[in-house]
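Biologist: I'm new to this one and would like a close look at a single part: the place where the ligand sits. Could you walk me through it and then show me how the surroundings fit together?

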Amino acid sequence: MIIKPKFRGFICTTSHPVGCEYNVRQQAEYVKKQKRIDGAKKVLVIGASTGYGLSSRIAAAFGCGAATIGLFFEKPASGNRTASAGWYNSAAFEKIAKEEGLYAKSINGDAFSNEIKQQTIELIKKDLGRIDMVIYSLASPRRTHPETGEVFNSVLKPIGSQYTSKTVDFHTGKVEEITIEPADDEEIRQTVAVMGGEDWEMWMAALKSADVLEENAVALAYSYVGPEMTHAVYREGTIGRAKDDLEAAAFKITDRLKDVGCRAFVSINKAVVTQASAAIPVISLYVSILFKVMKEKNTHEGCIEQMYRMLEDRVYSGDMKLDSKGRICMDDWEMAESVQSEVSGLWDKAGNDNIADIADVEGYRAEFFKLFGFGFAAVDYSADVEIDVKIDSIE
Ligand code: NAD
């Protein structure tokens, strides 16, 4: 089949297997060129197929030489429908890991469920015995509670009052104003239930009670803070409440697992373009301006540069450089005063007459399509490709 990108808003409904493989291969190549890390050897990545989770898996495998089990919720191809990008990425990851002689297996299913937790634990016991790193990188719009069956939906809304801001439509490059109504208490509760720390705590409790954690295992989850101009919709909005809960969970996990020596940390990562972040209102304008400023300063990073740096310079460096709230700060270059003062000046001026000069909307849009395997110069998009790609370890 010849595959073209089909998108509406922040969703692309097709993805390209050759482009996705190219993307994963490029990330692996980047890591292989860096210094080897004396770090994790057996890693579970929950949310391993796209964005930060995929890059964490690549950084652990090719940076530390780790065996990895990747868990995700993706769709294989069916009929004329391509598989989801995360499916193709994971097929590519396993193929490349195998070429390097690295163990890699994957599980496709709902990480929030008890069944998938059990299936994962059985695979760890059978193949790896114990693991020394757990990376929790889920981003999901909903969660079914494994005990009560309640279905929670997350929303991206401000809290307290209506919020109006400018944003950019990254497809058209048009600057627009949007207004978002505040969340009610029920929406806040449900967003915390989906994106907060409860499921991470459940995972770590299950791994502990199954005795599959090595002594001194490290557990990581990811969060975001960002600057003032995004606070209403992010850090002080519904998702921010969930992140507060996730950050608090790190301390609870460390406390509950201290007898097995496991420590849990949250890493505050940089704003990047992923399927999850593309859905957040206002962020597209901020990220487009941020990319422009950080590229000019030569400090721009994508997921893979961040995740390699996190393992090499923080988690396994002997000094995690934690902030006053005990968090790993991978957003240090994004939040640098010199970057933020420039971004905020450009943000104030941003309008339809100057957007092309002051923001990298084109770069944002290109990153968005790359998430689905489109837009790589080295890939021949006019070629007929097989869409039904198998992930080696999945029946
Ligand atoms: P993403 O959409 O690229 O990845 C989400 C992953 O979760 C995918 O592997 C997907 O398959 C998996 N997933 C979703 N629901 C699942 C389920 N029910 N069961 C199993 N797997 C499931 O998202 P991302 O942006 O990489 O986000 C990962 C984490 O990083 C989130 O905690 C996010 O808040 C955080 N983060 C993101 C940014 C950013 O700018 N993108 C910045 C800082 C922190």
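To start with, how many Å from an oxygen atom of the ligand does a backbone N or O atom of Tyr52 lie?

Modeller: Keep in mind that this is a predicted model. The answer for Tyr52 is 2.8 Å, between one of its backbone N or O atoms and an oxygen atom of the ligand. Phe73 also uses its backbone here, with a polar atom 3.2 Å from a ligand oxygen. Thr274 does it through its side chain instead: an N or O atom there is 2.6 Å from an oxygen atom of the ligand. As for how covered the ligand is, it would expose 840 Å² if taken alone, and the protein buries 92% of that.

Now the wider shell. There are 30 residues around the ligand, and those that come nearest are Ser49, Tyr52, Ala111, Lys243 and Thr274. So you meet Tyr52 and Thr274 again in that group. Sorted by class, the shell has 14 nonpolar residues, 12 polar ones and four charged ones. Among the elements that each supply at least two shell residues are helix 2 (51-64) and strand 11 (213-223).

Strand 11 is a handy way into the rest of the fold. It belongs to an open sheet of seven strands, in the order 5-4-3-6-11-12-13, with parallel pairing. Strand 5 (104-108) and strand 13 (328-329) stand at the edges with a single partner strand each, so one side of each has no neighbour in the sheet. Strand 11 pairs with strand 6 in the parallel sense, over five bridges. If you want a spot to click on, Met133 stands opposite Val218 in strand 11.

Follow the chain on from strand 6 (131-136) and you enter the loop before strand 7 (142-144), where Ser140 is found. A polar atom of the Ser140 side chain lies 2.7 Å from the backbone oxygen of Arg142. Leaving out residues up to four places away in sequence, Ser140 touches Phe112, Ser154, Val194 and Met195.

Another loop to look at runs between helix 8 (238-256) and strand 12 (263-268), and Gly261 lies in it. With residues up to four places away in sequence not counted, Gly261 touches Asn216 and Ala217. Gly196 is 65 residues from Gly261 in sequence, and their C-alpha atoms are 23 Å apart in space.

For a contrast with the parallel sheet, try strand 9 (residues 163-169) and strand 10 (residues 174-180), which pair in the antiparallel sense over seven bridges. Tyr163 stands opposite Ile180 in strand 10. The two strands form a hairpin with four residues between them, and Gly173 in the turn has a positive phi of about 75°.

Last, a record to set beside the model: an unreviewed UniProt entry lists residues 2-78 as "domain: Trans-2-enoyl-CoA reductase-like NAD(P)H binding". Over residues 2-78, the chain is 40% helix and 19% strand, with the end C-alpha atoms 15 Å apart.

Terms used:
Residues numbered from 1 in each chain as written. Predicted model: local features only at pLDDT ≥ 70, side-chain atom pairs only at ≥ 80, totals over all residues. Heavy atoms only, no water. Near = heavy atom within 4 Å. Polar contact = N/O pair within 3.5 Å; in protein donor to acceptor, adjacent residues only side chain to side chain. Areas by Shrake-Rupley, 256 points an atom, 1.4 Å probe, with all protein chains shown as cover. Nonpolar A, V, L, I, M, F, W, Y, C, P; charged D, E, K, R; others polar. Contact = heavy atoms within 4.5 Å. UniProt positions renumbered as here; feature names shortened; annotations may be inferred. Pairing = 2+ DSSP bridges.
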